[in-house]
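Dear colleague,

Please find below the structure that I am handing over to you. My findings follow directly after it.

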Amino acid sequence: MIKTQIINDRGIHICKSMVAWQKFGNGETPQSSGMKGDHLIGKYYVAFDKAYKKEIEELVAGGMDKAEAEKSTKILAEAQEMLQKWEAEDKEVRELWKRMNGWVYDGFSSTYELMGIDFDALYYESDTYLVGKQVVLEGLEKGIFYQKEDGSVWCDLSEMKMDDKLLLRADGTSVYMTQDIGTALLRYKDYPNLSGLIYTVGNEQNHHFKVLFAILKKLGYAWADGCYHLSYGMVDLPSGKMKSREGTVVDADDLMQELIDKAKEATLERGHLDGMSEEEKQQLYKTIGLGGLKYFILKVDPKKRMLFNPAESIELTGNTAPFIQYTYARTQSILRSSENIDFKDVPTQIDIEPVEKEIIQLIGEFPTVIKEAGDNYSPALLANYAYELAKSYNSFYQSVSIFKEENEDKKRFRIALTYLTGEVLKNALKLLGIDVPERM
RNA sequence: GGGCCAGUAGCUCAGCUGGAUAGAGCACCUCCCUUCUAAGGAGGCGGUCAAAGGUUCGAAUCCUUUCUGGCUCACCA
């Protein structure tokens, strides 16, 4: 498994932030403002949209019709001009672009670090679009694509019952699709032995990927069949859809901090912190808070749209990561108090309770669940499995005593069961990118 | 208009390759810390599985139609 990310570092959206920053920024930097770089750029992206809308309003007030006004704003013209300069590799524009992109990357990397996310390779659209262009031109030469009179290059997809797709504009510049062709190709060049390529991208792009895969196939790449779009549903807020342009988004950094704080509060109230250093405590809050967040997202079928209420959605009880983490901590608490188990000594001929049987069955299903989760590209299956197991174990924990059991065989069996449950819970959560605390 | 996806309890979701009384969590109501971590457990309340037809011994699950919501069909990315 090679984890990659495509970085959207090129295009009109970047230019919009750049223009707004030049106009309203007064030289503000992440250092001078104390803001995270990506937040700073986001701020100017919103500022651009505001100024743009205001200008439209003024034009409409002056008697212009709305559609006309949207095309006539000065500020948008400035952004477009900047994009042209960028494409022409204007030195000044490229400098500013590099500088501002640098801020964004710094911001991203601190977020990724906290979240425990890392990538093996990064691809930048500013690089891959050139590769894509090259491939398209070669395809044109081979007669796979065709050219219209105005010089634009297209792919005929009528045999797949889709509309023809533009790949190069009349002026020779590339579009989104062109870049994605280049990106796919680069990835297979860098990693020739890939058995497949999974694109984890929102379902609004379903059509885009259908077209992309069709084009790759037409180009004759055998690996095109291994491409899969893992299409996930959008997250809605109670107030509606998130829009970065309008600034109506839940910021990941704020959200993570909020959950870590919540975890801290709950832990101070009812946790078992005796003997923990301050550093260990901080780590515990993170484990619980971030685990809760990840689980909350991963437990629902990726295909589905989900409603996210930042104020109420994330709980620490019920079907949550903290519940599972708590169960794990319980198993470890028991194991700390018992001597090591040699599994050869675990008795197999004893009467067991129905709950114990249930746990054994669930543990036995773990490999199947992993496979199914993989086959279906659905972490939710693992999440729900871990929850089921934790629930069964808690039921067992409550109804059956381990250390007070007088039958030595039964006692050893229960400790072994506890050990296995803990291992399975830990590994299931690990597969979801969620850590587990030894105590909480 | 064409295509894709979704609609299950007040809310958020499982279950959907057909199988027995449709499951969780949250919320609400009872109980349970002299037991190994109560972030827990036991129980109660709550559902004509959007609607209507059809296939089947059997349908939340498969088929058809309708309704509702979302996405998409860009020389935006």
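I begin with a single residue and its contact. K217 is partly exposed, with a relative accessible area of 48%. Its side chain forms a salt bridge with D225, in which the closest N and O atoms are 3.1 Å apart. The partner, D225, is exposed at a relative accessible area of 59%. Please bear in mind throughout that this is a predicted model.

Overall architecture

Chain A contains 15 helices and 10 strands. Its C-alpha trace spans about 90 × 50 × 35 Å along the principal axes. Of the 440 residues of chain A, 44% count as buried.

Salt bridges

The structure holds 16 salt bridges, among them the K217 pair described above. Another one is formed by K218 and E159, whose closest N and O atoms are 3.5 Å apart. K218 belongs to helix α9 (residues 206–218), while E159 sits in the loop between β4 (153–155) and β5 (165–168), so this pair ties together parts that are 59 residues apart in sequence. As to accessibility, K218 counts as partly exposed at 24%, whereas E159 is exposed with a relative accessible area of 60%.

A further salt bridge joins the side chains of R412 and D409, with an N to O distance of 3.9 Å. R412 is partly exposed, its relative accessible area being 28%. D409 is likewise partly exposed, at 32%. Both R412 and D409 lie in helix α15 (residues 408–431), where they are three residues apart, about one turn of the helix. Elsewhere, salt bridges that share partners join K36, D38 and D253 into one network.

Surface charge

Where does negative charge gather in a patch on the surface? The residues concerned are D254, E258, D261, E265 and E269. For E269, the position and accessibility may be stated in detail. E269 lies in helix α10, which covers residues 252–270. With a relative accessible area of 64%, E269 is exposed, because it is over the 50% cut-off for that class.

Cysteines

How many disulfides does the structure contain? The count comes to zero. C155 takes part in no disulfide, and the nearest cysteine sulfur to it, that of C227, is 15 Å away. Why is this pair not counted as a disulfide? A disulfide requires two cysteine sulfur atoms within 2.5 Å, and the sulfur atoms of C155 and C227 are 15 Å apart, so the pair does not qualify. The converse entry for C227 agrees: C227 is in no disulfide, and its nearest cysteine sulfur is that of C155, at 15 Å.

Are these two cysteines buried or exposed? C155 counts as buried, with a relative accessibility of 0%. C227 also counts as buried, at 10% relative accessibility. Both assignments follow because buried means under 20% relative accessible area.

In brief, the points I would draw to your attention are the K218 and E159 salt bridge, the negative patch that includes E269, and the absence of disulfides.

With kind regards

Methods:
Residues numbered from 1 in each chain as written. Chains lettered and ligands numbered in written order. Predicted model: local features only at pLDDT ≥ 70, side-chain atom pairs only at ≥ 80, totals over all residues. Heavy atoms only, no water. Patch = residues over 30% accessible without salt bridge, like charges linked within 9 Å, V, L, I, M, F, W, Y side chains within 5 Å. Areas by Shrake-Rupley, 256 points an atom, 1.4 Å probe, with all protein chains shown as cover. Salt bridge = Lys/Arg side-chain N within 4 Å of Asp/Glu carboxyl O. Lys, Arg positive; Asp, Glu negative; His and termini not counted. Charge placed at Lys NZ, Arg CZ, Asp CG, Glu CD. Helix = DSSP H or I, 4+ residues; strand = E, 2+ residues; numbered from the N terminus. Buried < 20%, exposed > 50% of the residue type's maximum accessible area, 1.4 Å probe, protein only.
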